[in-house]
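User: I'm new to reading protein models. Could you walk me through this one, feature by feature?

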Amino acid sequence: MKKLKYYSKIWWLLTRNSFSIVLGQRVALLFFLTGKVLRFSLFIGFLYFLIQGTNGLAGYSGNQAIFFFLVFNLVDVLSQFFFREVYRFRPKIISGDFDLTLVKPTNALFVSLLGGADAIDFFTIPPLIIATWYAGSLFHPSILSTLYFVLLIVNGFLIAAAFHIAVLAMGIITLEIDHTIMIYRDLTSFGRFPVDIYKQPVQGLLTYLIPVGIMITFPAKALMGLVSGGGILISMFIGVLALFLSFRFWNYALKKYASASS
Amino acid sequence: MDRAIIVDHLVKNFEVIQKEPGLTGAVKSLFSPTKKQVHALRGVSFSIQTGELVGFIGPNGAGKTTTLKTLSGLLYPTSGFVSVMEYDPWERKPEFLKQIALVMGQKNQLWWDLPAIETFELNRAIYELNTREYEDNLKELVELLEIGKLINIPVRKLSLGQRMRMELTAALLHKPKVLFLDEPTIGLDLVAQQKMRDFIYEYNRKYQATIILTSHNMDDLVDLARRVIVVDEGKILFDGALEELVEKFAKEKIIKATLAKSDGIVDLEKIGKVRKLAFPEVVISVPRNAIAVAAAELLQNFAVDDLTIEEIPIEDVIRKVFKGGIFGK
Amino acid sequence: MNKYFQIFKISFQEEFTYKINFVMWRVRNVFQIIVTYYLWDTIFSAPGREVFGYDRAKIMTYIFTLIIVRSIVLSARAVDVSSDVAEGNLSNYLIRPMSYFKYWFTRDIASKVLNLFFAAGEFAILFVILKPPFFFQTNIYVFLSFLMAIVLAILIYFSLLFIISAVPFWAPELGWGSQFLVIIVMLEFLSGAVFPIDILPGVYQKIVMSLPFPYMIFFPVQVYLGKITGMSLIQGFVISIAWAVALYLAMRYVWSRGLKEYQAFGR
């Protein structure tokens, strides 16, 4: 409990700092916001237009396809909001400033992963939640489906966390973050569409091995009442497993850092 | 007296991947990288008392920084025993980390775009300082380092010297009992260097803090360190008082003489190595064991007004240490 | 000339030194192709389906041609120029006796050659795995037009990139933001890298086709596929050349102004 209080306070300070940096550069903030909104709208427009021409996508209606895309954005934006520090990790490793993080009594993984939320996505999250909520309400989900949905979104967020931890660990070992994180982004962007559109074996890989399906497609399907209780359990299991493995990997990387760098 | 730091037979090996030059080398290393073991520390032992200020010297790559990093828990020893304030540094327990600080010249913990005070506030939370401690410590450091007006200016607008003092403040807010300083004056101008030294001296004296300092700056060592440890190629070559370093390693002594006449001045070469000749002053260096003979010879064969025998200046000895050539390689 | 050859060689080696960067960048390209492939494959899964004037064979050919065109046109080292300007590293180049533009252009070419080489390999592998219907252009005149369209695309992209990279002359903190907005968001959607522009309804298509973006990807691909011929081919080239010239002049102008700004502030 005391630890929780300690870390929330540090998270708050880190976030306050990174917010005040971003808010100090208003035009840059505007550029990024415009870019993000533009990309989002262009894609929605494309999707809408595409489905109008083809009457659905892999058996899903237009509304459903758009809902998949919204859920993808929700998970994506949430993880970008919380894990923004990962993108700033590389310079710290290269310059050796990471050493100064390690000699502090705060957990180095906590600081490297959650140190400083992203102010830009702070603005995009509320409208996105409203849009997702509205699009979801069109399916008239039951309370149980809604509960499953929330549970699986949290689970998806944990898998995203696991990915980011793995990226950090890779960064320590290979000094490379920018591309690994972009690969992660590319992989998750498979989830812009329901994973059903991919043929086997790609679909299987995307669902279980690189659990994009579990991160994004499953929550959306759960709200539509298309996932069973067993499916939920398997998803949660994979979520916890991913997180566990990523912690192991991080510890391994730290040990490697301690015996390989100079 | 209690021992703050104990290091016993510390060994540290690194594995590095060798890069070969040229395109073929690059392609080759893509498929079969050549690995090489680097022996950074080969069995280092020493101990340091509480409140001591010790200078680590040696040429580049001798193992100084590796030692500091191992002591602060950043590196995992290959073998050997390390204890800092009775903790095993590698465990990096919060209680241990709250008592130490590592300051590396040219490495940053400050938030670049924000005033330094924001980093201080953050460190206050990280080290769990209460309001009283924080304010007292900050006030003291601000006064000692003369940075009162600077703490509200974004870090990127500060000069290197100013920034370094901020780094130091951030690192010392929690009043660490053990302090590892890696090249604290690197890149600073002379005035800033002096300020930094005064501060380190003060901090050591006032809080009985144990300090290990590595530096390539002669003045840092001469001003601050009473005891020095010389490392080269991962081994300790000397551990003792700074003055003894000269006695032990300077193989020569120096005769300074003032001559009355310039007759036969070329023959001075026969007595020893002439280092400086600006009549009437002459400086000759002579092997330590031949110094008495040389002095006698000089008095006998030349018209000498005045003569003194001195040790080689400590700076010369240290300079040789940095080059790594002192020990008869 | 010799010095630019040396730069070419060094750039080439550098890509190997940062091999992880390079491999990752190629992997990303493959991922993007796979997503696009399956999306369209799903849409055209019903046999004999035709949407927006495309059938399965045509759209697959489009996507597979993308692999090659993307790697030639969009591989560029000059994306680093922006940070050079913002951080003041530009000075290191300005004092050397060589043209900064030629320096980066040479590096771009080196990058393109290397990427093309790897893209060809990926093309072959994906081709064997996915067995898409593909159309090999045999008409020599069409092929020559395609090469010309590619050269124009490279020039347009280079000038555009340099114009965007000049933003930090006036506002160092906007460097990455403007690259994101123009190069990542706009270029991705409006160049035809995600979908062929001609699936858009008439008005939108006209608007997009008057911008420089489709001439970097969509236009060369269509020329290769032989879908643009006769008058519309000439019209396309006219617009493409006009953009290449206009952007080149704009780049020259922006940079001469920017460099004055840079030197005035002594960054």
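User: Which domains does the domain assignment give for chain B?

Analyst: Keep in mind that this is a predicted model. For chain B, the assignment gives domain 1, covering 3–246, and domain 2, covering 251–311. Taken over C-alpha atoms, the centres of domain 1 of chain B and domain 2 of chain B are 44 Å apart.

User: How many helices and strands are there in chain B?

Analyst: Chain B has 11 helices and 13 strands. Its C-alpha trace spans about 75 × 55 × 45 Å along the principal axes. Of the 329 residues in chain B, 38% count as buried. You can also ask how far along the sequence the contacts reach. Among contacts in chain B between residues at least 6 apart in sequence, 71% join residues at least 24 apart.

User: Let's zoom in on one helix. What span should α5 of chain B have, going by its 15 residues?

Analyst: The idea is to count 1.5 Å a residue, with one less than the number of residues as the multiplier. Helix α5 of chain B (residues 131–145) should therefore span 21 Å, and its end C-alpha atoms are indeed 21 Å apart, so the two agree.

User: Which residues of α5(B) are buried?

Analyst: To call a residue buried, look for 20 or more other C-beta atoms within 10 Å of its own. In α5(B), that goes for B:Leu138, B:Leu141 and B:Leu145. These three sit on the same side of α5(B) because they cover an arc of only 70 degrees around the axis. Go to the other side of α5(B) and you find exposed residues: B:Arg132, B:Glu135, B:Asp136, B:Lys139 and B:Glu143.

User: What do the buried residues of α5(B) pack against?

Analyst: Their partners are α4 (116–126), α6 (160–172) and α7 (190–207) of chain B. Look just past the helix too: α5(B) is followed by B:Glu146, which has a positive phi, near 55 degrees.

User: Now for chain A. Which residues does UniProt list as "transmembrane region"?

Analyst: Start from the record, then check it against the model. The unreviewed UniProt entry lists residues 27–51, 66–87, 108–135, 147–175, 202–220 and 226–247 of chain A. Take residues 108–135 of chain A: this span is 86% helix and 0% strand, with end C-alpha atoms 39 Å apart. Residues 202–220 of chain A are 89% helix and 0% strand, and their end C-alpha atoms lie 20 Å apart.

User: And which residues get that label in chain C?

Analyst: For chain C, the unreviewed UniProt entry gives "transmembrane region" at residues 59–79, 109–130, 142–170, 176–195, 207–225 and 231–250. Residues 231–250 of chain C are 100% helix and 0% strand, and the end C-alpha atoms are 28 Å apart. Over residues 59–79 of chain C, you get 71% helix and 0% strand, with 30 Å between the end C-alpha atoms.

User: How many residues do chain C and chain A put into their contact?

Analyst: For an interface, count each side, then see which elements supply it. Here 25 residues come from chain C and 30 residues from chain A. On the side of chain C that touches chain A, α2 (19–43) and α9 (175–190) of chain C each supply at least two residues. The largest share there, 13 residues, comes from α2(C). By class, that side of chain C has 18 nonpolar, five polar and two charged residues.

User: What about the contact of chain A with chain B: how many residues from each?

Analyst: This contact takes 24 residues from chain A and 28 residues from chain B. On the side of chain A that touches chain B, the elements giving two or more residues are α1 (2–23), α5 (98–102) and α12 (229–260) of chain A. The largest share comes from α1(A), with eight residues. Sorted by class, this side of chain A has 11 nonpolar, eight polar and five charged residues.

Technical notes:
Residues numbered from 1 in each chain as written. Chains lettered and ligands numbered in written order. Predicted model: local features only at pLDDT ≥ 70, side-chain atom pairs only at ≥ 80, totals over all residues. Domains from an automatic or database assignment. UniProt positions renumbered as here; feature names shortened; annotations may be inferred. Helix = DSSP H or I, 4+ residues; strand = E, 2+ residues; numbered from the N terminus. Contact = placed C-beta atoms within 7 Å. Nonpolar A, V, L, I, M, F, W, Y, C, P; charged D, E, K, R; others polar. Buried ≥ 20, exposed ≤ 12 C-beta atoms within 10 Å, placed from the backbone. Arc of directions from axis to C-beta.
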